[in-house]
Amino acid sequence: MAVEIIMLGIGATLLMDLWALARKRWFGVAALDYAWVGRWLGHMRHGQFRHAAIGEAPTVRGEHALGWIFHYLTGLLFAALFLAWVGDAWLQRPTLAPALAFAALSVAAPLLLMQPAFGMGMAASRQPWRVRVRALLTHLVFGLGLYLMGLLAQWL
């Protein structure tokens, strides 16, 4: 089961990152700067969990690497939670609907945890629909990645 979690988590996160690159290239929409995630995590060790504006917070040594590592660890965690939710049988016959449903639910993490902590307000209340729709689409791409990696896992 650990191999499948790693495969689904890394594969789905990678597809999400490829989507972010395509979105930037085709539509000029910038992706989340994972250095901000590393900065947020780095400030936690000093007891600061929330920022008025994470982009203006002092930089943290190694924030880029820390942010990217955390991003992929989160993908692994989400893959594990997904498999715990749908059960091992899903790996024998992957279907798209549960992967997309889980991905839609997972968008709560950035909307209710990270965006408020970054100073963007609850559920991105400062730029609500633009940010919410982008977050949902990005997480749905993650769900598509779970499904595609589930199909690939059947062949291996």
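Helices here are DSSP runs of at least four residues, numbered from the N terminus. Gly143 lies in one of these, helix H7. Keep in mind that this is a predicted model, so everything below is computed from predicted atoms.

**The big pocket**

Let's start with the open space. The largest pocket has a volume of about 1,000 Å³. It's lined by 40 residues, and the ones closest to its centre are Leu32, Tyr34, Pro110, Gln115 and Phe118. Several helices chip in: H1, H2 (34–44), H3 (63–86), H6 (108–117) and H7 (128–155) each give at least two residues to the lining. H7 has the largest share of that lining, with seven residues. As for chemistry, the lining of the largest pocket breaks down into 24 nonpolar, ten polar and six charged residues.

Phe118, one of the residues closest to the pocket centre, sits in the loop between H6 and H7. Is Phe118 buried or exposed? Phe118 counts as buried because its relative accessible area is 4%, and the cut-off for buried is under 20%.

**One salt bridge**

How many salt bridges does a search of the whole structure find? Just one turns up. The partners are Arg39 and Glu63, whose side chains meet at 2.6 Å, N to O. This pair ties together distant parts of the chain, with Arg39 in helix H2 and Glu63 in helix H3, 24 residues apart. Both Arg39 and Glu63 are buried.

Helix H3 also holds His64. Unlike the buried Glu63, His64 is partly exposed, because its relative accessibility is 49% and exposed would take over 50%.

**A greasy patch on the surface**

Now for the outside. Leu14, Leu18 and Leu21 make a nonpolar surface patch of about 290 Å². Leu18 belongs to helix H1, which covers residues 2–27. Why can Leu18 be part of a patch? Patch members need over 30% relative accessible area, and Leu18 has 46%, so Leu18 clears that bar while counting as partly exposed.

**Two more buried spots**

Back in helix H7, Gly143 is buried, since its relative accessible area is 0%. Leu111 is found in helix H6. Leu111 is buried too, because its relative accessible area is 12% and the limit is under 20%.

**Some distances across the fold**

If you'd like a few spacings to check in the viewer, here are four pairs, with the gap along the chain set beside the C-alpha to C-alpha distance.

| Pair | Apart in sequence | C-alpha to C-alpha |
|---|---|---|
| Gly143 and Leu76 | 67 residues | 13 Å |
| Phe118 and Leu136 | 18 residues | 18 Å |
| Leu111 and Tyr147 | 36 residues | 23 Å |
| His64 and Ala99 | 35 residues | 29 Å |

Take the buried Gly143 as an example: 67 residues along the chain from Leu76, yet with C-alpha atoms separated by 13 Å. For the partly exposed His64, the partner Ala99 is 35 residues away in sequence and 29 Å away in space.

Notes: Residues are numbered from 1 along each chain as its sequence is written. This is a predicted model: local features need pLDDT of at least 70, side-chain atom pairs count only at pLDDT 80 or more; totals for chains, interfaces and linings use all residues. Side-chain values use heavy atoms; hydrogens and water are left out. Patches are made of residues with over 30% relative accessible area and no salt bridge: like charges are joined within 9 Å, nonpolar side chains (Val, Leu, Ile, Met, Phe, Trp, Tyr) within 5 Å. Accessible areas come from the Shrake-Rupley method with a 1.4 Å probe; for residues, only the protein chains shown count as cover. A salt bridge is a side-chain nitrogen of Lys or Arg within 4 Å of a carboxyl oxygen of Asp or Glu. Buried means under 20% relative accessible area, exposed over 50%, partly exposed in between (1.4 Å probe, protein chains only). On a 1 Å grid over the protein atoms alone, a cavity is a set of points where a 1.4 Å probe fits but cannot get out, and a pocket is an open set with protein on both sides within 12 Å along at least five of seven lines; lining residues have an atom within 4 Å of a point. Grid points are joined across faces, edges and corners, and a volume is the space filled by probe spheres set on the points. Ala, Val, Leu, Ile, Met, Phe, Trp, Tyr, Cys and Pro count as nonpolar, Asp, Glu, Lys and Arg as charged, and the others, Gly among them, as polar.
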